[in-house]
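User: Zoom in on the salt bridges for me, please. Tell me who pairs with whom and how well hidden the partners are.

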Amino acid sequence: MFFFSSSLIAQIFIPREEPKWHLFQKDYNMEYKMSVIKNIDHWLVHNFIEYENMDQYINNFHFIDYYFNGFDEIIYTGRVPGVEGERTFIFELINENYEISFEAFGEIISIHSMGENQPPYSFVLIDRPCCGDYVMVYEAYHPVFKEGRFQLEASIKMITIDEVEFPTSFFDKPVLFEVKNDPYHLRSNPVINDEREYIHHSILGNIISSYTANSRGYAFAEKLDETGRKWWFVAMVNNIEPIHSVLNREFKNNNNKFHSIGWMSSRFLQIIE
């Protein structure tokens, strides 16, 4: 039914270093990388050539046998000059030319191997809010073998707001629960705040979404507030449409089902064995 794990949530949300690209990418010299990239017929490369600033962004290009086909794919992830937000591109060698095979809004924040740092790989993107927005989108992509080759598919989408507080430790395994009171609120912080404050004009206090009884979710961590109230850091399954949510909208990369992330008081959450 649900394929989150505590380890996956921890990999995504616990503060960490930048992705360790050196474990996966080929160690080519700068001259070789520049010579290959400049021959890619794509607007991203055209922009760098026109503005003569490719050398400033060369470390955003990564040469990896991503699709496990014996050839180098070229991944670009990060800021793009003159373009809003971050982008991720994967260029694949087809008939001796590099062509775009994947494109998404957002930046890769973690990359993982199925074993021993060998392909194929999965990764997580974050699409950060821009220009007055407040919604953060996390998407996990994994390789699927189709039509004789590996292709990328979005497997998990998790959404929250940019003011959310993340836990620093997690349960050994997720806890499935069901809401037993309504309305019951998903919040950005483990504290009750129903007053309109500075976060964003459309958010009442720290309420992200409000749910009815029988709504389900998974808990991954807990924290006590100053009153002794126990809070769970949760991913709502959204098996029942929330009464209210500031997360409902059209999304840039896809409109796949998503899981709302935040904190809930555990008082009226019943564990399902």
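Analyst: A salt bridge here is a side-chain nitrogen of Lys or Arg within 4 Å of a carboxyl oxygen of Asp or Glu. By that rule, the count comes to 11 salt bridges. Bear in mind that this is a predicted model, where local features need pLDDT of at least 70, side-chain atom pairs count only at pLDDT 80 or more, and totals for chains, interfaces and linings use all residues. Numbering starts from 1 along each chain as its sequence is written, and side-chain values use heavy atoms, without hydrogens or water.

Let's start with Arg128 and Glu86, whose closest N and O atoms are 3.3 Å apart. Arg128 lies in the loop between S6 and S7, while Glu86 is in strand S3 (residues 86–94), so this pair ties together parts that are 42 residues apart in sequence. Strands are DSSP runs (E, at least two residues) numbered from the N terminus. Glu86 is buried at 11% relative accessible area, and Arg128 is partly exposed at 33% (buried is under 20%, exposed over 50%, partly exposed in between, with a 1.4 Å probe and protein chains only).

Next up are Glu178 and Arg216, whose side chains meet at 3.0 Å, N to O. Glu178 belongs to strand S9 (residues 175–179) and Arg216 to strand S12 (residues 216–224), so here the bridge ties together parts 38 residues apart in sequence. Again the acid is the buried partner, with Glu178 at 12%, and Arg216 is partly exposed at 25%.

Arg187 and Asp194 make another bridge, with 2.9 Å between the closest N and O atoms. In this pair the base is the buried partner: Arg187 has a relative accessible area of just 5%, whereas Asp194 is partly exposed at 36%. Then there's some sharing of partners, with salt bridges joining Glu86, Glu107 and Arg128 into one network.

Back to the strand that follows the Arg128 loop, where Val137 is worth a look. Val137 is found in S7 and counts as buried at 9% relative accessibility. Leaving aside neighbours within four places in sequence, Val137 is in contact (heavy atoms within 4.5 Å) with Leu125, Ile126, Asp127, Lys157, Met158, Ile159 and Phe251. Asn253 sits 116 residues from Val137 in sequence, yet their C-alpha atoms are 9.9 Å apart in space.

Key. Helices (H or I, at least four residues) and strands (E, at least two) are DSSP runs, numbered from the N terminus.
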